[in-house]
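Got the viewer open? Grab the mouse, and let's walk through this one stop by stop.

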Amino acid sequence: MTKRFIAGAVCPRCGEMDRLVSFQENGKTVRECVACGFTEALVANVSPDELKTRVNQFEEPTEQEEVSVVKLLDPQDLSKK
Ligand SMILES: [Zn+2]
């Protein structure tokens with residue numbers, strides 16, 4: 001079991017900074033203050049609220065001008081000899 005100091009963390013009980021260690025215990029993250037013995041178990045609740053809203057999905061009517069290329073063949077030009 002590895003205990004790691006939480007940099008910049010302040011103990012909610014004694015108010016000491018950099019006295020809190022964090023370690024895993026039974027799948028939970030436990031914070032413990034080495035100064036006053038305060039312990040706090042953080043239940044791993046991995047469910048970030050990611051709202052899957054598709055805002056960018058509105059149908060935009062694409063008006064495409066129908067460009068019809070008509071090849072005009074001169075029939076006389078074909079019949080010329
Ligand atoms: Zn403390």
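Start with the whole chain in view: of the contacts in the protein with a separation of 6 or more, 10% are between residues 24 or more positions apart. A contact here means two residues whose C-beta atoms, placed from the backbone, lie within 7 Å. Keep in mind that this is a predicted model, where local features need pLDDT of at least 70, side-chain atom pairs count only at pLDDT 80 or more, and totals for chains, interfaces and linings use all residues. For your selections, residues are numbered from 1 along each chain as its sequence is written.

Now switch to cartoon. You should find 1 helix and 4 strands, in the order β-β-β-β-α from the N terminus on. Both kinds of element are DSSP runs numbered from the N terminus (helices: H or I, at least four residues; strands: E, at least two).

Next, colour by burial. Of the 81 residues in the protein, 5% are buried. The cut-offs count other C-beta atoms within 10 Å of a residue's own, with C-beta atoms placed from the backbone: 20 or more is buried, 12 or fewer is exposed, and in between is partly exposed.

Select the strands. They form an open sheet in the order E1-E2-E3-E4, with antiparallel pairing; two strands pair if DSSP finds at least two bridges between them. At the edges are E1 (4-5) and E4 (39-42), each pairing on one side only.

On the way from E1 to E2, stop at Asp18, which sits in the loop between those strands. Asp18 is not a glycine, yet its phi is positive, about 60°. Is Asp18 buried, exposed or partly exposed? It counts as partly exposed, because it has 14 C-beta neighbours inside 10 Å.

Move on to E2 (residues 20-25), which is joined to E3 by 6 bridges, the two running antiparallel. Pick Phe23 and look across: Val30 in E3 stands opposite. As you follow a strand, remember that in a regular strand the side chains alternate between the two faces of the sheet.

The E2 and E3 hairpin has 2 residues between the strands. Click on Asn26 in that loop: its phi is near 55°, positive in a residue other than glycine. Asn26 is exposed, because it has 6 other C-beta atoms within 10 Å.

Last stop: E3 (residues 28-33) and E4, antiparallel and joined by 4 bridges. Thr29 stands opposite Leu42 in E4. The hairpin of E3 and E4 has 5 residues between the strands, and there Gly37 takes a positive phi near 85°.
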